[in-house]
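Me: I would like to go through the ligand site of the following model by question and answer. Please conclude each reply with the value or name requested.

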Amino acid sequence: MKKRKVAVLGATGTVGQRFISLLAGHPWFELVALTGSGRSVGQRYGDAVHWLLPADVPEGVADMPVLPTDGPIDAEICFSALPTEAAAEHEAALAKRGHHVFTNASVHRMDGDVPLLLAEVNFPHVRALERQRRERGWSGSIVANGNCTAIHLDLALAPLHRGFGIERAVVTTMQALSGASYPGVPSLDALDNVVPYIGGEEEKVVAEANKVLGTWDGSAVVPAGIPMSVHCNRVTVRDGHTETVSLTLRGAPAVDEVKASLRAFRGRPQELGLPTAPARPVIVRDEPDRPQPVLDRDADKGMATTVGRVREDVVLGVKFVLLGHNTIRGAAGASVLNAELLVAERCI
Ligand code: NAP
């Protein structure tokens with residue numbers, strides 16, 4: 001297969017750096033362009049970036065120039081790690097010019113003609129691209145992925161909603177500092193503390209989770225309509241969002257049935273053997289004290305969600321804890337997997 005040329009938009013940021021590390025040596029994609037804001041445009045990437053990942057900047061990337069996001073980009077696929085306003089300014093323009101944009105920004109996630117794609121869960125939603133091209137007249141496209149909290153929640157909820165039906169859910173998150181972008185929460189606000197507010201996050205998780213778990217009716221996504229109560233908190237963890245989840249499932253299945261459903265879950269990425277696909281999207285652990293961020297966030301290269309402490313809940317029926325890497329599966333890795341799926345399925 002001839003490698004597809006790809007660009008990373010917002011390449012110097014937290015998610016941009018993850019894209020660069022995931023795309024290094026990718027068997028299908030060749031990284032040919034990087035963009036940034038006026039702060040870094042014209043600089044060598046290695047000089048513009050404050051690199052935060054343990055391995056060095058991949059060979060060859062440090063010497064690439066940082067390009068403007070509104071100039072010519074010689075890449076068919078653009079992975080976007082742009083902040084909201086920049087995404088609003090540039091992503092539609094790029095799709096109009098023929099680029100396929102896989103975005104982490106929230107600006108287009110809830111648009112009726114933009115698939116909010118979670119590769120294992122809702123591949124039929126890519127039919128929205130036909131409407132997008134027809135109504136907007138674009139030769140390219142925009143495909144969004146959910147926010148870092150909703151992605152991991154949906155991976156755990158999808159098999160349970162499919163297998164039993166979810167009647168209601170209560171979710172409490174403990175979200176990592178890297179989810180707030182670099183430099184994130186000031187150290188004096190974060191250290192020795194839990195901040196019980198992340199602006200807009202609770203509403204986003206409810207809306208996005210219901211869109212991802214919804215069904216494509218031939219012209220639009222019908223949201224799943226699961227009543228959810230969500231509390232979002234920022235905690236002093238570097239990477240990895242933890243979420244406690246309590247659910248009422250139709251038919252009140254036993255704890256062992258719930259575990260079996262999560263363990264059996266596989267999607268198109270696993271069937272197709274996509275390069276970035278985890279072997280199992282959901283890993284279920286039986287130890288009483290897992291998952292933990294330092295031990296489980298890198299499970300299957302950060303692409304899997306780890307679920308533990310599955311047990312009976314006297315109020316709602318069943319409860320568990322889940323954990324996932326927010327900048328890998330919760331952001332850049334989700335986009336790369338979405339792009340692999342659309343290439344494999346010949347949608348782009
Ligand atoms: P970030 O660290 O602040 O990085 C932002 C990037 O965008 C930088 O490369 C910056 O370039 C560039 N940029 C800023 N303004 C720009 C402009 N006007 N035009 C072009 N480029 C511009 O942010 P992040 O944490 O990586 O988040 C990126 C996106 O992913 C956001 O939409 C965020 O909501 C979403 N997201 C983040 C996470 C996470 O865990 N962090 C998870 C899921 C989704 P310069 O360095 O040159 O200024």
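Me: How far is an oxygen atom of the ligand from an N or O atom in the side chain of T12?
Reply: The model is predicted, so side-chain atom pairs count only at pLDDT 80 or more and local features need at least 70, while totals for chains, interfaces and linings use all residues. Residues are numbered from 1 along each chain as its sequence is written, and side-chain values use heavy atoms, without hydrogens or water. A polar contact is a pair of N or O atoms within 3.5 Å. For the T12 side chain and a ligand oxygen, the distance is 2.5 Å.

Me: How much of the ligand's accessible area does the protein cover?
Reply: The side chain of S40 has an N or O atom 2.3 Å from a ligand oxygen, and a polar side-chain atom of S181 lies 2.7 Å from an oxygen of the ligand. On its own, the ligand has 910 Å² of accessible area (Shrake-Rupley method, 1.4 Å probe). The share covered by the protein is 80%.

Me: Between which domains does the ligand lie?
Reply: The shell comprises 27 residues around the ligand (a heavy atom within 4 Å), and T12, V15, S37, S40 and S181 come nearest. Both domains, whose bounds come from an automatic or database assignment, give residues to this shell, so the ligand lies between them. They are domain 1 (4–147 + 332–344) and domain 2 (148–325).

Me: How many charged residues does the shell around the ligand have?
Reply: Charged residues are Asp, Glu, Lys and Arg; Ala, Val, Leu, Ile, Met, Phe, Trp, Tyr, Cys and Pro count as nonpolar, and the others, Gly among them, as polar. The shell has ten nonpolar and 16 polar residues. The number of charged residues is one.

Me: In which loop does the cis-bonded P183 lie?
Reply: The peptide bond from Y182 to P183 is cis, with omega near 0°. The flanking elements are DSSP runs (helices H or I, at least four residues; strands E, at least two), numbered from the N terminus. P183 lies in the loop between β7 (166–175) and α6 (187–190).

Notes: A polar contact is a pair of N or O atoms within 3.5 Å; within protein, one must be able to donate a hydrogen and the other to accept it, and residues adjacent in sequence count only if both atoms are side-chain atoms.
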